[in-house]
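Colleague: I've got the model open and I'd like a close look at one part of it. Could you take me through that part, then carry on to whatever else is worth a look?

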Amino acid sequence: MSGSVTVTSLSFTWPDGSPVFEGLDVAFGPGRTGLVGVNGSGKSTLLKLIAGELAPADGTVRVAGEVGYLPQNVTLDTTLRVDEALGIAGRRAALHAIEAGDVREAHFETVGDDWDVEERALATLGELGLGHVDLDRTIGEVSGGESVLLRLAALLLGRPDVLLLDEPTNNLDLYARRRLYAAVQSWPGVLVVVSHDRELLDLVGQIADLRAGEITWYGGTYSDYEEALEIEQEAAERMARVAESDFRKQKRELADAQVKLARRKRYGQKMWDQKREPKIVMGARKRAAQESAGKHRIMHEEKLAEARERLDEAVEAVRDDDEIRVDLPYTAVPPGRTVLTLQDLGLRYGARVRGGFELRGPERVALIGRNGAGKTTLLRTITGELAPESGEVRAHVPLRFLPQRLDVLDGERTVTENVARFAPGATNNRIRARLARFLFRGARADQKAATLSGGERFRAALAALMLAEPAPQLLMLDEPTNNLDMASVRQLTTALESYEGALLVASHDLPLLESIGITRWLLLEEGELREITPEAVGFFS
């Protein structure tokens, strides 16, 4: 395969006038590139512009070769057959007709040179863990994660020169992710992937960091990028401290100079009033003093302006990816205290918990399993949103649940108003002070939830639950990192480090689970919930 993408002087603005890019230049060549940046920086927009789904306001996008594009939200017609979704239905039908003895020319033209298309399709499905999916099944019969892999299989079968992937692992379970990782590793052409998945980004050969409408390149994987960025930021912070010190020095010198000039002016006026020298001499001296004072003032003001400019540049180089820092003492659970009890629990759609299960003290429990295994159903049954088919659920402490859709927020209310719904006894000042620790300061706390970015919306939902009254001593999260940028994932991790209660997290994101100190691993598989060892997690992934 050979392909390339060249973006020259690209400008793009949304219909409401919000600019995304102004004069962007970037090129992607052969190899795997991870495109990273905070939510709202324009990563998905750039992929859509390259794929031709959006038109630039100015500039050019040139692609050498065919483009394959996997969008963030894959929607496939549920009535389509699998072979139609793969784009091989016509060639497959023609092949079957020829095999049945129908030798019309039209069939041979349809097949062309692609005589092994069906074998290739089955092989590709097998490589992606979809060997059980029959080509004659309909899309409505496969899970959401499988539909993402089917769309990827269609792209792989098309053999594009340039492959664009936008958050491809969002709806994939651990098993499906492993298949996608293998497909990415073996990709021979140009590949550009937008993702918050650390494991996936550690498979790329270079990182393109999109920030403030410009791209900075870093060689190596995401882990290499983080190391380089840490060194870069330490240097930037040192420069900012030096620039701040110089700025303060120039302000002092300007103030000192102004005091000295004021003294000279008072002395000159005194001499003038007392007329101790001839008028012409005093006039000349006054003009010279004014001229000297003007030059002196201008010199110091220029130095101060230069120092301010250096400080602004230094501060700009330091990234403002703040971390959430919260103190939540009322969430603490004593070791050994029973937090949650499940007894012979039967769930909707067939899954069950045989015998008894207990969550004690500040345990941190991971819930893993394939898509469709019933993880979300189990969490919603624990919260009381769904009634169990049989058995008993008992929460012994206050609990809160953060669902994938973040629908705990009212889009028409501000961030402050949303938090107030969960803490009706708290004063407005208290809510604002606590929201500031979740990075909602000043006017940001007055934004309506519907206007927030994905990362901001997640932070607001997390703040609403963690600041709720009574304080939650059991916090349950369902796929919390879906649609979060890497900065937001770090913020989530630091927030959970501050949380002193029990955690139950359903996630396919192993790096996240490992970073938040999981103490127990539960696997929901084939309708049964069972505990597994940390060593076995890799096997089931």
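Colleague: Let's start with R520: is this residue buried or exposed?

Modeller: Keep in mind that this is a predicted model. R520 is buried, with a relative accessible area of 13%; the cut-off for that label is under 20%. The arginine has a salt-bridge partner in E531, and the closest N and O atoms of the two are 3.0 Å apart. Since R520 lies in strand β17 (residues 520-525) and E531 in strand β18 (residues 528-532), the pair ties together parts that are 11 residues apart in sequence. E531 is partly exposed, at a relative accessible area of 46%, so this salt bridge joins a buried arginine to a partly exposed glutamate.

Now for other charged pairs. A search of the whole structure turns up 24 salt bridges. Some of them share partners, and that joins R81, D83, R92, E118 and D136 into one network.

Another pair to click on is E226 with R490, where the closest N and O atoms are 3.8 Å apart. This one links distant parts of the chain: E226 sits in helix α9 (residues 222-274) and R490 in helix α15, 264 residues apart. As for cover, E226 is partly exposed, with a relative accessible area of 23%, and R490 also counts as partly exposed, at 32%.

While you're on helix α15, which spans residues 486-498, have a look at S498, which belongs to that helix. S498 counts as buried, with 15% relative accessibility. Its side chain reaches the backbone oxygen of T494 at 3.2 Å.

Next, go to the loop between α3 (89-99) and α4 (105-111), where you'll find V103. V103 is exposed, with a relative accessible area of 61%. Together with F108 and W115, V103 makes a nonpolar surface patch of about 300 Å². The residues on either side of V103 in the numbering are a charged pair: the side chains of R104 and D102 meet in a salt bridge, at 2.7 Å from N to O. R104 is exposed, with a relative accessible area of 54%, whereas D102 is partly exposed, at 23%.

Last stop, the six-stranded sheet. It's an open sheet with mixed pairing, and the strand order is β5-β6-β7-β3-β8-β9. β5 (67-70) and β9 (214-219) stand at the edges with a single partner strand each, so one side of each has no neighbour in the sheet. Going from one strand to the next, the twist averages 20°. For the edge strand β9, the partner is β8 (residues 206-211), and the two pair in the antiparallel sense over six bridges. To get your bearings in that pairing, pick Q206, which stands opposite G219 in β9.

So, back to where you came in: R520 is buried at 13% relative accessible area, and its charged partner is E531, with the closest N and O atoms 3.0 Å apart.

Notes:
Residues are numbered from 1 along each chain as its sequence is written. This is a predicted model: local features need pLDDT of at least 70, side-chain atom pairs count only at pLDDT 80 or more; totals for chains, interfaces and linings use all residues. Side-chain values use heavy atoms; hydrogens and water are left out. Patches are made of residues with over 30% relative accessible area and no salt bridge: like charges are joined within 9 Å, nonpolar side chains (Val, Leu, Ile, Met, Phe, Trp, Tyr) within 5 Å. Accessible areas come from the Shrake-Rupley method with a 1.4 Å probe; for residues, only the protein chains shown count as cover. A salt bridge is a side-chain nitrogen of Lys or Arg within 4 Å of a carboxyl oxygen of Asp or Glu. Helices (H or I, at least four residues) and strands (E, at least two) are DSSP runs, numbered from the N terminus. Buried means under 20% relative accessible area, exposed over 50%, partly exposed in between (1.4 Å probe, protein chains only). A polar contact is a pair of N or O atoms within 3.5 Å; within protein, one must be able to donate a hydrogen and the other to accept it, and residues adjacent in sequence count only if both atoms are side-chain atoms. Two strands pair if DSSP finds at least two bridges between them. Axes are lines fitted to C-alpha atoms, for helices over the stretch in contact, and angles run from 0 to 180 degrees between N-to-C directions.
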